[in-house]
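Colleague: I am new to this structure. Please take me through one part of it closely, the nonpolar core.

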Amino acid sequence: MNTFDQFRKKTRTWLEENCPPGARGPGPFHTGSSKIPLAHPDLDIWLERMVQKGWSVPTWPKEYGGAALTSKEYVALLEEMKALGARPPLINRGTTMVGPTILEFGNEEQKKRILPIIARGEGAWCQGYSEPGAGSDLASLLTTAVPDGDRYLINGQKIWTSDGHTSEWMFILVRTGVIEPKHEGISFFILNMNQPGVDTRPIQLISGGSHFCETFFDNAVADKRDMVGELNKGWTVGKRLLQHERSGMEMLVSGSTGQRQSNVVDVARKYCGEENDRITKQFRDPVISYEMNARALKLTQRRIVEESTDGKTPGAATSIMKVVSTDLEKMQTELMTSLRGTQGYGWEGNGFTQAELDGTRQFLRSRAASIYSGSNEIQRNIIAKRVLGLPD
Ligand SMILES: Cc1cc2nc3c(=O)[nH]c(=O)nc-3n(C[C@H](O)[C@H](O)[C@H](O)COP(=O)(O)OP(=O)(O)OC[C@H]3O[C@@H](n4cnc5c(N)ncnc54)[C@H](O)[C@@H]3O)c2cc1C
């Protein structure tokens, strides 16, 4: 048996022995947040065990909390986790967005101090980019950071901060230069959310939920040592983070372990039945088309994982992933709603199963997918300019 086969075998055995029942099968992930009650005590046990192996961030260097797995080993680990139904031990914006960004742009002190905190899941992370006057045109942001001895004082407002009220940490883009052209006066900071100068106000959604917030800063304090990259060069850092976000890495990791709630083929079987020829014919083509595209996307995501763990960084092409994956997500929820017929439009009441009620909310939520992380119109602009090289 070669070294790689041995790695796979050992991994399988270890996962079987160490993944507790409450961390197997569909269900919630650990986010690292201390502000959300843990769905099951096994999630803590699972995280702790995986952290000891360096497998909460398997490809990161060992000195920063990872296990320095090669891309081949990482893919094998994901495959073995999927086979067992083991959930990822930790999913948050630390592991998938700001961690990889610090690995590239952070200094050694930041890497040694911040990356292990992320790897151990000590807190959840939120993203402080958008403002009331700065969405697609993000570089128009007005929240300021002004030096004050060893620290910066931050004042202003962010909006649409997903999970702001349940996060311990924020990565934030702030204006540090006022005379420079707007892209050149921006810096990137790490900020502790648990301080008096930060106020999060959840935005109530029509569904009754509220997963994002308005976030206000009134002399909030960020240490000078928490500026990632150089003063006024945060635009480059912030853009790279978005490329990590758009790469679909999080989807690959969470999806690889069978957590995607719904499966179009299962829904088609349940609601159409093979005997109902008319309905089967009506939906056959769209279901097949969806399945083929979804599989192609997964393979492409896997290629990106392999490339990114072999030392390459994601680039403008991640905008393609963002557009394709979010269009597919919308296609999936539309298709499932149609397949369910009138059962696909339930909001409440005994006439609907929980899966049907969840499906309605999933359909509505999927509308947001082509807006967050930079709208798909903006991604198409990036693809035209940066990938295809078309003129402005
Ligand atoms: C569910 C959800 C979660 C989010 N979470 C976060 C978060 O955690 N942190 C954070 O900072 N932000 C977050 N956002 C905000 C998100 O990044 C912005 O909504 C997005 O960048 C668009 O900005 P905007 O809403 O201001 O729309 P606008 O910029 O006002 O755009 C409005 C419309 O005009 C189009 N448009 C604008 N400019 C152009 C152009 N040049 N060419 C073509 N079309 C254009 C856009 O595509 C869009 O359709 C979230 C948004 C959603 C929906």
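Modeller: Here is a close look at the core, then at the ligand shell.

This is a predicted model, where local features need pLDDT of at least 70, side-chain atom pairs count only at pLDDT 80 or more, and totals for chains, interfaces and linings use all residues. Residues are numbered from 1 along each chain as its sequence is written.

A nonpolar core is a set of buried Ala, Val, Leu, Ile, Met, Phe, Trp, Tyr and Cys residues joined through C-beta atoms within 7 Å. Buried means 20 or more other C-beta atoms within 10 Å of a residue's own; exposed means 12 or fewer, partly exposed is in between, and C-beta atoms are placed from the backbone. The largest nonpolar core has 41 residues, and M170, F171, F189 and L191 touch the most other members. Strand β4 (residues 169-175) gives this core the most, six residues. Strands (E, at least two residues) and helices (H or I, at least four) are DSSP runs, numbered from the N terminus. At least three residues of this core come from each of domain 1 (3-96) and domain 2 (125-237). Those bounds come from an automatic or database domain assignment.

Take F189. Beyond four places in sequence, F189 touches A145, Y152, I172, V174, A222, D226 and M227. Contact here means C-beta atoms, placed from the backbone, within 7 Å. Another core, of 16 residues, lies apart; among them are C19, A23, L43 and L78.

Now the ligand. Domain 2 (125-237) and domain 3 (261-387) both give residues to the shell around the ligand, so the ligand lies between them.

Note on methods:
Contact = placed C-beta atoms within 7 Å.
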